Amino acid sequence: MIQLFNYIERVSPIHKLTGASKMACMLCWVLAAMITFDTRYLVLLTVFALILFRVSRIKVSDVKVILIFSLVFLAMNNLLIYLFSPEHGVSIYGTRTVLFHIIGRYSITAQQLLYHANVILKYTATIPVVILFIS
């Protein structure tokens, strides 16, 4: 049976933190990633999250199931965002640059692509930190 949320013992600075400090750091990190659409800031958070994941010495194979679930959820989330709100990026960024039209109300705009890229960055900035917290 696959056990998803087991504690993985490793020797690292992150594992030396208390549970409360890990929880506080994780909540601050997730909040910091979710309140912005600034791509530069999200890239920076993503890089630091991946560095923290590397410092923790948790192997990707140890959390493979959680990562696969997260990637499937991310793909479904992006698909459903586009299906139900294909102009959401346009409303956030305030301009509309059509790259090509698909059908009906569905067009690919530069702003929608930027919005989806930022959604992906939000996930990639938070998932490693959340995995550090739960494992």
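This is a friendly conversation about a predicted model and the terms used to describe it.

Biologist: Let's start with the overview. What makes up the secondary structure of the protein, and what pattern does the protein follow along the sequence?

Modeller: There are 5 helices and 2 strands. Read along the sequence, the pattern is α-α-α-α-β-β-α. Of the 135 residues, 35% are buried. Among contacts between residues at least 6 apart in sequence, 66% join residues at least 24 apart.

Biologist: Now to the helices. Why is α3 called roughly antiparallel to α5?

Modeller: Helix α3 (residues 64-84) and helix α5 (residues 110-134) pack at an angle of about 155°, with their axes 11 Å apart. Angles over 145 degrees count as roughly antiparallel, so α3 earns that description relative to α5. The crossing of α3 and α5 is right-handed.

Biologist: Which residues make that contact, and how do they divide by class?

Modeller: On the α3 side the contact includes I66, L67, F73 and Y82, and on the α5 side it includes Y115, V119, I127 and I134. By class, the residues of this contact are 13 nonpolar, 5 polar and no charged.

Biologist: And α2? What makes α2 roughly parallel to α5?

Modeller: The axes of α2 and α5 cross at roughly 25° and come within 8 Å. The cut-off for roughly parallel is an angle under 35 degrees, so α2 counts as roughly parallel to α5. This crossing is left-handed.

Biologist: Which residues meet there, and what classes do they belong to?

Modeller: Among them are L42, V43, A49 and F53 in α2, which meet residues of α5 including L114, N118, K122 and L132. The contact of α2 with α5 has 14 nonpolar, 4 polar and 1 charged residues.

Biologist: Let's turn to the loop between α1 (19-34) and α2 (39-55), where T36 is found. Why does T36 count as buried?

Modeller: T36 has a relative accessibility of 16%. Buried means under 20%, so T36 qualifies. Leaving aside neighbours within four places in sequence, T36 is in contact with Y41, L42 and K122. T36 and N118 are 82 residues apart in sequence, with their C-alpha atoms 9.0 Å apart in space.

Biologist: The structure also holds 3 aromatic pairs. What makes F37 and Y115 a tilted pair?

Modeller: Their ring centres are 5.6 Å apart, with 40° between the planes. Rings pair if their centres lie within 6.5 Å, and planes under 30 degrees apart count as stacked, over 60 as edge-to-face and the rest as tilted, so this pair is tilted. The pair links distant parts of the chain, with F37 in the loop between α1 and α2 and Y115 in helix α5, 78 residues apart.

Biologist: How do you know whether F37 and Y115 are buried or partly exposed?

Modeller: F37 has 32% relative accessibility, so F37 counts as partly exposed. Y115 has 9%, so Y115 counts as buried.

Biologist: Why is the pair of Y82 and Y106 tilted?

Modeller: The ring centres of Y82 and Y106 are 5.6 Å apart and the planes lie at 45°, so this pair is tilted. Y82 sits in helix α3 and Y106 in strand β2 (residues 106-109), 24 residues apart.

Biologist: And how is each of these two residues, Y82 and Y106, classed by accessibility?

Modeller: At 14% relative accessibility, Y82 is buried. Y106 has 22%, and therefore counts as partly exposed.

Conventions. Residues are numbered from 1 along each chain as its sequence is written. This is a predicted model: local features need pLDDT of at least 70, side-chain atom pairs count only at pLDDT 80 or more; totals for chains, interfaces and linings use all residues. Side-chain values use heavy atoms; hydrogens and water are left out. Axes are lines fitted to C-alpha atoms, for helices over the stretch in contact, and angles run from 0 to 180 degrees between N-to-C directions. Helices (H or I, at least four residues) and strands (E, at least two) are DSSP runs, numbered from the N terminus. Angles under 35 degrees count as roughly parallel, over 145 as roughly antiparallel, 65 to 115 as roughly perpendicular and the rest as oblique. A crossing is left-handed if the near helix is turned anticlockwise from the far one by less than a right angle, and right-handed if clockwise. Contact means heavy atoms within 4.5 Å. Ala, Val, Leu, Ile, Met, Phe, Trp, Tyr, Cys and Pro count as nonpolar, Asp, Glu, Lys and Arg as charged, and the others, Gly among them, as polar. Buried means under 20% relative accessible area, exposed over 50%, partly exposed in between (1.4 Å probe, protein chains only). Rings of Phe, Tyr and Trp (its six-membered ring) pair if their centres lie within 6.5 Å; planes under 30 degrees apart count as stacked, over 60 as edge-to-face and the rest as tilted.
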